[in-house]
Amino acid sequence: GNGEFQSSDLDNRLGLMPGALLNMRLFDAGLQAVRDAYSRKGYIAARTTHAFSFDDEARSAAASITIVRGPQARMGLLEIAGLPDEAAARLRESWSLAQGAVYDGIYVRDFLKAGRDAFPAVFREFPNVSVQVGFRGEAGIVPVSLTFARQGSDS
């Protein structure tokens, strides 16, 4: 742990069980779960590195994982393009991540999923959504741009 999470919480997110066979696909998914947890707290540039030490006699391995959080990001401007003004305004009103708030790196994905349920007509008419998430690391500001387009549109 490093103040953001308890070590036991990180261990649970990794999903490793002592004595179980090491499955690298599950291990990689666990590392992603750890990065996602940090991303939700604004550490969208968080990186993980790992190293294994092997004990051939005991037929076991131990993993050492290092997490580098990076700077904590804050929400910048939200831009919504490609929609009629009324639809863009309704989507903008449903965006609950305030400018200046700690940026949740998973929020856009959750927002679009909820938006498809809340505004099905908009997403049927404009099913193509381009997402641009910027990150000005030195300032820690994350502007978000959502651009909607009709099916088969080149833009």
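**Notes on a predicted model: helix α4, its sheet and helix α2**

1. Let's start with helix α4, where Tyr107, Val108, Phe111, Leu112 and Gly115 are buried. Buried here means under 20% relative accessible area, exposed means over 50%, and partly exposed is in between (1.4 Å probe, protein chains only). Seen down the axis of α4, those buried residues fall within an arc of 130°, so they line one face of the helix. The arc is taken from the directions that run from the helix axis to the C-beta atoms. On the face turned away from the buried side, α4 carries the exposed residues Arg109, Lys113 and Asp117.

2. A word on where this comes from: the model is predicted, so local features need pLDDT of at least 70 and side-chain atom pairs count only at pLDDT 80 or more, while totals for chains, interfaces and linings use all residues. Residues are numbered from 1 along each chain as its sequence is written, and side-chain values use heavy atoms, with hydrogens and water left out.

3. How far does α4 reach from its first C-alpha to its last? The helix has 12 residues and reaches 16 Å, close to the 16 Å expected at 1.5 Å a residue. The expected span is 1.5 Å times one less than the number of residues. Helices (H or I, at least four residues) and strands (E, at least two) are DSSP runs, numbered from the N terminus.

4. What do the buried residues of α4 pack against? Their partners are α3, α5 (120–125), β4 and β5. Contact means heavy atoms within 4.5 Å. Helix α4 (residues 107–118) lies across β4 and β5, running at about 155° to β4. Helix α3 (residues 85–94) lies across β3 and β5, and its direction is at about 160° to β3. For these angles, axes are lines fitted to C-alpha atoms, for helices over the stretch in contact, and angles run from 0 to 180 degrees between N-to-C directions.

5. Now the sheet itself. Three strands form an open sheet in the order β3-β5-β4, with mixed pairing. At the edges are β3 (74–81) and β4 (128–133), each pairing on one side only. From one strand to the next, the twist averages 15°. Two strands pair if DSSP finds at least two bridges between them. As background, strands of a sheet pair through backbone hydrogen bonds, either parallel or antiparallel.

6. Here you can follow both kinds of pairing. β3 and β5 pair in the parallel sense over six bridges, and Leu78 has Val144 in β5 as its bridge partner. β4 and β5 (residues 141–149) pair in the antiparallel sense, also over six bridges. Try finding two places in that pairing: Asn128 stands opposite Ala149, and Val129 has Phe148 as its bridge partner.

7. Don't skip the loop between β4 and β5, where you'll find Gly134. Is Gly134 buried or exposed? Gly134 is partly exposed, with a relative accessible area of 24%. Leaving aside neighbours within four places in sequence, Gly134 is in contact with Ile141, Val142 and Pro143. The C-alpha atoms of Gly134 and Ser145 are 8.4 Å apart, with their positions 11 residues apart along the chain.

8. Next, helix α2. This helix has 17 residues and reaches 24 Å from its first C-alpha to its last, close to the expected 24 Å. At its start, a side-chain oxygen of Asn23 reaches to within 2.9 Å of the backbone nitrogen of Arg25. Just after α2, Gly42 takes a positive phi of about 95°. The buried residues of α2 include Phe27, Gly30, Leu31 and Tyr38, and what covers the buried residues includes α1 (7–14), β1 (47–55) and β2 (60–68).

9. Two residues of α2 are worth clicking on. Val34 is found in α2 (residues 24–40) and, at 3% relative accessibility, counts as buried. Not counting residues up to four places away in sequence, Val34 touches Leu10, Arg13, Leu14, Thr48 and Ile67. Ser39 also has its place in α2 and is buried, with a relative accessible area of 10%. With the same sequence neighbours left out, Ser39 touches Ile44, Tyr103, Asp104, Gly105 and Ile106.

Notes
A polar contact is a pair of N or O atoms within 3.5 Å; within protein, one must be able to donate a hydrogen and the other to accept it, and residues adjacent in sequence count only if both atoms are side-chain atoms.
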